[in-house]
Amino acid sequence: MRAISIIYRRELGAYLRSPFAWVIAALCLLVDGFMFQAMAMSGEQLSATVLEKFFYGSSGVAIGAGLLLSFRLISEERQTHSLVLLNTSPVRDTEIILGKFFAALTFLIILLALSFYMPLLIKVNGKISFGQVMVGYVGLVLLGSASLAIGLFASTLARNQLVAGVVALVILIIMVFLFPLAKRLDSPVREVLQELDLWWIHFQTGFMRGVLNLKDVIYYVAVTYFFLLLGVKTLEAKRWQ
Amino acid sequence: MIRVANLSKFYGGKRALGPVSFEINDGETVGFLGLNGAGKTTALRILACDLRPSSGSIEIGGLDGINDPHEVRKKIGFLPENPPVYADMTVLDYLGFAGELRGMSRGQVKRRMPDVLEVTDLGEVAQDVIGTLSHGYRQRVGVAQAIIHQPKFLILDEPTRGLDPVQIVEMRNLIHDLKQNHTVLISSHILTEISQTCDRLLVLGKGKLLGSGSEHDLAASESEIRAVTVTVRVPAGDDGKARIKKVLEGVEGVKSVADPYEQGGGLSFALSTTRDCRADVSRAVVDAKLDLIKLDYSRSELENTFIRLVGGADASN
């Protein structure tokens, strides 16, 4: 636990010092703002619909930001050789992965929190509940954390950051488009793939509409856990290679 | 004490190390000597618990290095070939981070910091961001992170790599200071570096241990030392080469004379000798009424030994 905290503090400090992280944050907020303006503020609509459209756009931003904040976490350390410090310290691979993951998640939450003025604008000018907003943000954080875990796992695979980024992107694209792909298949494969989809089923029909389903929460926690575990196992395996 | 038995490492199907066995006593400074690809870095990474071996056993300070790497790492400070630094951190922050990772409290790090900065001579750049430092200073930061938790065993992989001559001397002095309090393992392919710093050498070639002992022990174990080069002016109109060769072969202690090559207006002959017979060689040349231009050791004894050992490894593979 102590090692997780030490690595967390270093990583979060690195995010806060890094121009790259702030450029990602600025770009994500810019895209989020544009989408809000274009989709949510076009014409007369119910405020609940405007909020749904905001979360629709923000979910893409959360996935993208999750990927961009995580794909360098291990691969960059390998490339710059600083990973050796962690590998030769009395620190377990799980602690390395968790320290880095929680730091990235904290920065992602900061980034998402900076977009909070948009639902506030809807609330000031319309009629939405605070709970609806919070459920949407919980969904964004869970979706973002799944994306972070996928990026972190990809980062343990490759020394080259670009390769890690591409691997993460491919996994995310596959997971996001499992639902449309599943629709072309027969039962029971269709149902299984649909349930594994990262966005359509678990975010669009639940969190985006302000509905908090326990199964959606469990799904995102399970995806995050699964890819973090894969990351830990990959780090361990690299010591044997 | 470090005990290594039948240690080997394969990368895929390719053998990078072993099987090798050796022991290192507490307080010793041991040099891992070998050409590039000899297995030095692999051996040190395994000892530092950065890499797991394919087979064999390691005991470090009474702990099992394979089954209990977590505990072993607490006793080890490791400087890899490239210092494992974070370019975005200041020297102080980085050393604090490294110390805490090794289990030190913030208070312990704070108390230890002045000593570490003094030993590594990093005081004047302590507040600087590591990314702005020269390679020499980064290497020092690498050493500082390796010693901050006062480990019993210090492993330095090519500590002088990429340093300029002044920095090499400074690093050598630093290692001399560190020898007082640590069991030190150093790897290098630079012979003079190793011979000046270490009590004992382990010569590696193609992943195998080719020799072990002090510089003197290794040299003495070789029956033949090709150590003397003599350069003689060839008399005009004379059958120079054959005559000079005959003169040199007649000197006591000379086992063989290699074919000469031109150098500095004369012919240079590399002699295989069983002892340092420079005085006898010069006398013989002068007695034969030949002009002696140059006489010296072509290489140090260690260098000869090293080349022979490594050459033997090449031949056996």
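**Exercise 1. Confidence in chain B**

Task: State what average pLDDT chain B has in this predicted model, and which of its elements score lowest and highest.

Solution: Chain B has an average pLDDT of 85. Of its residues, 90% reach a score of at least 70. Turning to the elements of chain B, the lowest mean pLDDT, 61, belongs to helix H11 (residues 301-316). The highest, 97, belongs to H3(B). A general caution follows: predicted coordinates should not be read in detail where pLDDT is low. For the model as a whole, the scores are ipTM 0.89 and pTM 0.82.

**Exercise 2. The domains of chain B**

Task: Determine into which domains chain B is divided and what distance separates their centres.

Solution: The division gives domain 1, covering 2-220, and domain 2, covering 225-306. The centres of these two domains of chain B, taken over C-alpha atoms, are 42 Å apart.

**Exercise 3. The contact between the chains**

Task: Describe the side of chain B that touches chain A, beginning with how many residues are in contact.

Solution: The contact involves 23 residues of chain B and 18 residues of chain A. On the chain B side, at least two residues each come from helix H2 (69-73), strand E6 (76-79) and helix H3 (91-101). H3(B) gives the most, with four residues. Sorted by class, this side of chain B consists of 12 nonpolar, four polar and seven charged residues.

**Exercise 4. The overall form of chain A**

Task: Establish which elements make up chain A and why its radius of gyration agrees with that of a compact globule.

Solution: Chain A contains 13 helices and zero strands. For the size, start from the 241 residues of chain A: a compact globule of that length would have a radius of gyration near 18 Å, and the value for chain A is 19 Å, so the two agree. Along its principal axes, the C-alpha trace of chain A spans about 60 × 45 × 30 Å. Next, consider burial: 48% of the 241 residues of chain A count as buried. Finally, take the contacts in chain A between residues at least 6 apart in sequence; 78% of them join residues at least 24 apart.

**Exercise 5. One helix of chain A**

Task: Work out what span helix H3 (residues 47-70) of chain A should have, and how many of its residues are buried.

Solution: Helix H3 of chain A has 24 residues, and at 1.5 Å a residue it should span 34 Å. The C-alpha atoms at its ends are 34 Å apart, which agrees with that expectation. As for burial, H3(A) is mostly covered, with 18 of its 24 residues buried.

Conventions: Residues numbered from 1 in each chain as written. Chains lettered and ligands numbered in written order. Predicted model: local features only at pLDDT ≥ 70, side-chain atom pairs only at ≥ 80, totals over all residues. Rg over C-alpha atoms; globule rule 2.2 N^0.38 Å. Buried ≥ 20, exposed ≤ 12 C-beta atoms within 10 Å, placed from the backbone. Contact = placed C-beta atoms within 7 Å. Nonpolar A, V, L, I, M, F, W, Y, C, P; charged D, E, K, R; others polar. pLDDT = per-residue confidence, 0-100. Expected span 1.5 Å × (residues − 1). Domains from an automatic or database assignment.
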